[in-house]
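Good morning, colleagues. I ask for a few minutes of your attention for a structure that will be new to most of you.

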Amino acid sequence: MANHDQPDVSATIVPDNPIFTILNRLLSGLWRGCVQHQTHIAVIEAQGLQGLADAMRVRTADEPIAIRALLNRLVDLGGTPAFTIEALAIGATVREILDNDMGLQRHARPKFNAAAEAAAAAHDATTRNLIEKILADEEQHLSWLETEIALYEKLGESLYCAGRLSAGGARAA
């Protein structure tokens, strides 16, 4: 027999905002990317390829800004950061580094597209706009990596690396 004097607790529980899940998933990927890219920059510098390291640094300079923007949005909405960082794919050679970073970027693009669509479906234009801005930066990084890998394949390892020894040898933009 049901007790009608007690309130229905299940009716008072508000489900988590789906935007919290979206933002935490994106934060997980961005933190992973940031750590992987910074590690790769250190490996490239240790190999004496300062020009390539500088170009990579330019390509990834926006990552901490994107992380902060997503964290701020999450907290502003009343959410709590609750994400994990997946295992990194650290390369030992220039080709492995480029390939691993390419894999990361290719994996991120559909996640950002889906997140922007989900934010739009949740009628959260501010979050959607933020995600789309970050996606545009991610796509520029992807394009840069595609160009670098194509050059590596065309020139071979020796010529590619020779062109990236000094700051003037690598396209930073």
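Let me begin with a question: leaving aside neighbours within four places in sequence, which residues is His40 in contact with? In this predicted model, the answer is Met56, Ala89, Ile90, Gly91, Ile97, Asn100 and Asp101. His40 itself sits in helix α2. Its relative accessibility is 0%, and because buried means under 20%, His40 counts as buried.

With that residue as a point of entry, I turn to the overall architecture. The protein chain contains six helices and zero strands. Read from the N terminus, the order of elements is α-α-α-α-α-α. Of the 173 residues in the chain, 36% are buried. The chain exposes about 9,600 Å², and 56% of that area is supplied by carbon and sulfur atoms. If we take the contacts between residues at least 6 apart in sequence, 79% of them join residues at least 24 apart.

Next, the interior. The largest nonpolar core comprises 21 residues, and those with the most contacts inside it are Ile22, Leu26, Leu30, Leu70, Phe112, Ile131 and Ile134. At least two residues of this core come from each of α2 (18-46), α4 (63-76), α5 (94-121) and α6 (125-162). Helix α2 provides the largest share, eight residues. A further core lies apart from this one; it has 18 residues, including Leu52, Met56, Val94 and Leu142.

Two members of the largest core deserve a closer look. If residues up to four places away in sequence are not counted, Ile131 touches Ile22, Leu26, Phe112, Ala115, Ala116 and Ala119. The second member, Ile134, is located in helix α6. What does Ile134 contact, once its neighbours within four places in sequence are left aside? The partners are Leu30, Ala66, Leu70 and Phe112. Ile134 has a relative accessible area of 5% and is therefore buried, the limit being 20%. Its C-alpha atom is separated by 8.7 Å from that of Asp62, a residue 72 positions away along the chain.

I now come to helix α3, which spans residues 50-60. Its buried residues are Gly51, Leu52, Ala53, Ala55, Met56, Arg59 and Thr60. They pack against four other helices, namely α2, α4, α5 and α6. As a general point, an α-helix has 3.6 residues a turn, so residues three or four places apart point the same way.

What of the empty spaces? The structure holds one cavity of 30 Å³ or more. The volume of the largest cavity is about 30 Å³. Its lining is formed by His37, Met56, Arg59, Thr60, Asp101, His141, Trp144 and Leu145. Helices α3 and α6 are the elements that give two or more residues to this lining. Met56 and Asp101, both in this lining, also appear among the contacts of His40.

The largest pocket, in turn, has a volume of about 220 Å³. It is lined by 18 residues, of which Ser28, Gly29, Leu30, Ala108 and Lys111 are the closest to its centre. Two or more lining residues come from each of α2 and α5. Which element gives the most to the lining of this pocket? It is α2, with nine residues. Leu30, which is in this lining, is also listed among the residues with the most contacts inside the largest nonpolar core.

One loop residue calls for comment. His123 lies in the loop between α5 and α6. Is His123 buried or exposed? At 75% relative accessibility it counts as exposed, because the threshold for that class is over 50%. In general, most residues other than glycine have a negative phi. His123 is not a glycine, yet its phi is positive, at about 60 degrees.

Finally, a word on the cysteines. The structure holds zero disulfides. Cys34 is buried, at a relative accessible area of 11%. Cys161 is buried as well, with a value of 13%.

To close, I return to helix α2. This helix holds the buried residue His40, supplies the largest share of the largest nonpolar core, and gives the most to the lining of the largest pocket. Thank you for your attention.

Technical notes. Residues are numbered from 1 along each chain as its sequence is written. This is a predicted model: local features need pLDDT of at least 70, side-chain atom pairs count only at pLDDT 80 or more; totals for chains, interfaces and linings use all residues. Side-chain values use heavy atoms; hydrogens and water are left out. A disulfide is a pair of cysteine sulfur atoms within 2.5 Å. Buried means under 20% relative accessible area, exposed over 50%, partly exposed in between (1.4 Å probe, protein chains only). Contact means heavy atoms within 4.5 Å. Accessible areas come from the Shrake-Rupley method with a 1.4 Å probe; for residues, only the protein chains shown count as cover. A nonpolar core is a set of buried Ala, Val, Leu, Ile, Met, Phe, Trp, Tyr and Cys residues joined through side-chain atoms within 4.5 Å. On a 1 Å grid over the protein atoms alone, a cavity is a set of points where a 1.4 Å probe fits but cannot get out, and a pocket is an open set with protein on both sides within 12 Å along at least five of seven lines; lining residues have an atom within 4 Å of a point. Grid points are joined across faces, edges and corners, and a volume is the space filled by probe spheres set on the points.
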